[in-house]
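Student: I should like to learn how charged pairs, pockets and surface patches are read from a set of coordinates. Could we begin with salt bridges?

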Amino acid sequence: MSFDTPAGTRGTHQPSGRAFRWVNKLMARRIRRKGGGTFMGFNALVMTTVGRKSGAERTTPVGWFPGPDGSYLIVASAAGASGNPAWYYNIAAHPDQVRIEVEGRTIAVTAEQLHGTEREQAWQQITTAAPRFASYQDKTDRELPIIRLTPRPGQELPL
């Protein structure tokens, strides 16, 4: 299970700043209130990671796609930025300390970056469902990481 995607040398500006954090908080509240939902045309969940440096919990709304055996696929696209989003590095540092809020449930998950054929199959599924991800890939020279979030057995947590 390796998280090994380096930053690229070209890409769009990575969203950040006070306004971006405010929008993320607003989206997370909306997803929680509705017990799930959509964002920009695809399913959305709220992901909580542990900061790789700070050790503090960090919450981020992300789009997801159905994976095999009840797993969730997410893409560390950062809208085609040259760098990976901060949550990618948090997951890499603590892949077993991730939880998601989706469909009105909180679920402890294990994160794994997909590689090779597995990644290619997932990429095909994702870009068919949401073609915007192909345009994000065109904007950067890094390969956009695809992460599979697999529920840990018996780890559904109370809301």
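Tutor: A salt bridge is counted where a side-chain nitrogen of Lys or Arg lies within 4 Å of a carboxyl oxygen of Asp or Glu. Please note that this is a predicted model.

Student: How many salt bridges does this rule give here?

Tutor: Side chains of opposite charge can pair when their charged atoms come close. In this model the count comes to 7 salt bridges. One of them joins Arg 32 to Glu 101, with 2.8 Å between the closest N and O atoms. Arg 32 belongs to helix 1 and Glu 101 to strand 6 (residues 98-102), so the pair ties together parts 69 residues apart in sequence.

Student: Which residues form a positive surface patch?

Tutor: The patch consists of Arg 18, Arg 21, Lys 25, Arg 29, Arg 33 and Lys 34. Of these, Arg 21 is found in helix 1, which spans residues 18-34.

Student: How is empty space located, and what is the volume of the largest pocket?

Tutor: Rolling a probe the size of a water molecule over the atoms shows where empty space is left. Here the largest pocket holds about 1,100 Å³. Its lining comprises 39 residues, and those closest to the centre are Phe 20, Asn 24, Thr 60, Pro 61 and Trp 87.

Student: Which element gives the most to that lining?

Tutor: Helix 1 does, with 12 residues. Elements that each supply at least two lining residues include strand 2 (42-50), strand 3 (57-63) and helix 4 (132-139).

Conventions: Residues numbered from 1 in each chain as written. Predicted model: local features only at pLDDT ≥ 70, side-chain atom pairs only at ≥ 80, totals over all residues. Heavy atoms only, no water. Patch = residues over 30% accessible without salt bridge, like charges linked within 9 Å, V, L, I, M, F, W, Y side chains within 5 Å. Areas by Shrake-Rupley, 256 points an atom, 1.4 Å probe, with all protein chains shown as cover. Lys, Arg positive; Asp, Glu negative; His and termini not counted. Charge placed at Lys NZ, Arg CZ, Asp CG, Glu CD. Helix = DSSP H or I, 4+ residues; strand = E, 2+ residues; numbered from the N terminus. 1 Å grid on protein atoms, 1.4 Å probe; cavity = no way out; pocket = protein on both sides within 12 Å on 5 of 7 lines; lining within 4 Å. Points joined across faces, edges and corners; volume = space filled by probe spheres on them.
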